[in-house]
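Subject: Handover of a structure and notes on its contents

Dear colleague,

Please find below the structure that I am handing over to you. My notes on it follow, and I would ask you to read them with the structure open.

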Amino acid sequence: MEKSSFIFLQSDYPELYTLTELAEKLVSIDPNSSLTKARLFVEKLILLMGEFERYEFSSKDTPNIRVNKLYAANIFPDTVKTLFDTIRIAGNNATHNGDRTEAEARYILKKLFKLSKWFYETYEGEDLGNIKYEPQEYV
């Protein structure tokens, strides 16, 4: 097995990396759990971004409200908001309905990679180049 496409997160953001690794490992055996891990990644990422931006969230704010608040503060562009929303909604559907497919989970992993890459390049100031998401097969 090759290294995870999310390996760039491992040293600086081990908790985020672990969630991506779990999402990858679960994609074919339990797509709903994979999507739930992706949603949890988004929830943790938005809190981390709030810390970096010194933005105070209310304890009553939902992940959706947090995303909308940072978006309204021009912390990220429309394309990134769409990534947050797409991943969050897919994770919600997986958690509440439990009927998601492997194809959907694989699609969301690609979106998760784009979001992760944007985050890392933006907050670490490091250009990761033209790296692309490479699906991993775990046995």
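The side chains of Glu 43 and Arg 39 form a salt bridge, with 3.3 Å from N to O. Please keep in mind that this model is predicted. Why are Glu 43 and Arg 39 separated by about one helical turn? The reason is that they stand four residues apart in helix α2, which covers residues 31-52. Glu 43 counts as partly exposed because its relative accessibility is 21%, and the limit for buried is under 20%. Arg 39, at 16% relative accessibility, therefore counts as buried.

How many salt bridges does the count come to? The total is nine. As general background, side chains of opposite charge can pair when their charged atoms come close. Two further examples from this structure are described next.

One of them joins the side chains of Asp 61 and Lys 69, at 2.8 Å from N to O. Is Asp 61 buried or exposed? Its relative accessible area is 10%, so Asp 61 is buried. Lys 69 has a relative accessible area of 28% and is therefore partly exposed.

Another salt bridge links the side chains of Arg 88 and Asp 85, where the distance from N to O is 3.6 Å. These two residues are three apart in helix α4 (residues 78-97), so about one helical turn separates them. Both Arg 88 and Asp 85 are buried. Which residues are joined into one network by salt bridges that share partners? They are Lys 81, Asp 85 and Arg 88.

I turn now to polar contacts. Ser 4 belongs to the segment before α1, a helix that spans 14-26. Because its relative accessibility is 5%, Ser 4 counts as buried. The side chain of Ser 4 makes a polar contact, at 2.7 Å, with the side chain of Glu 24.

Asn 32 is placed in helix α2, and its relative accessibility of 16% means that Asn 32 counts as buried. What lies 3.0 Å from a polar atom of the side chain of Asn 32? It is the backbone nitrogen of Arg 100. In this case a side chain is paired with a backbone atom, whereas the contact of Ser 4 with Glu 24 is made between side chains.

Leu 40 is also found in helix α2. At 29% relative accessibility, Leu 40 counts as partly exposed, because this value lies between the limits for buried and exposed. Along the chain, Leu 40 and Pro 63 are 23 residues apart, and their C-alpha atoms are separated by 9.7 Å.

Two residues deserve attention for their backbone angles. Arg 54 has a positive phi of about 55°, although Arg 54 is not a glycine. This residue lies in the loop between α2 and α3, the latter being residues 63-72. With a relative accessible area of 76%, Arg 54 is exposed, because the limit for that class is over 50%. Where is Asn 74 found? Asn 74 is in the loop between α3 and α4. The phi of Asn 74 is near 60°, which is again a positive value in a residue other than glycine. Asn 74 has a relative accessible area of 69% and is therefore exposed.

On the surface, Asp 12, Glu 124, Glu 126 and Asp 127 form a negative patch. Within that group, Glu 126 lies in the segment after α5, which runs over 102-124. Glu 126 counts as partly exposed because its relative accessibility is 40%.

Asp 12, a member of this patch, also appears in a comparison of sequence and space. Trp 118 and Asp 12 are 106 residues apart in sequence, and their C-alpha atoms are 15 Å apart in space. Trp 118 lies in helix α5. Its relative accessible area is 18%, so Trp 118 is buried.

If you wish to begin with one part of the structure, I suggest the network of Lys 81, Asp 85 and Arg 88.

Yours sincerely,

A colleague

Definitions and conventions. Residues numbered from 1 in each chain as written. Predicted model: local features only at pLDDT ≥ 70, side-chain atom pairs only at ≥ 80, totals over all residues. Heavy atoms only, no water. Buried < 20%, exposed > 50% of the residue type's maximum accessible area, 1.4 Å probe, protein only. Polar contact = N/O pair within 3.5 Å; in protein donor to acceptor, adjacent residues only side chain to side chain. Salt bridge = Lys/Arg side-chain N within 4 Å of Asp/Glu carboxyl O. Patch = residues over 30% accessible without salt bridge, like charges linked within 9 Å, V, L, I, M, F, W, Y side chains within 5 Å. Areas by Shrake-Rupley, 256 points an atom, 1.4 Å probe, with all protein chains shown as cover. Lys, Arg positive; Asp, Glu negative; His and termini not counted. Charge placed at Lys NZ, Arg CZ, Asp CG, Glu CD.
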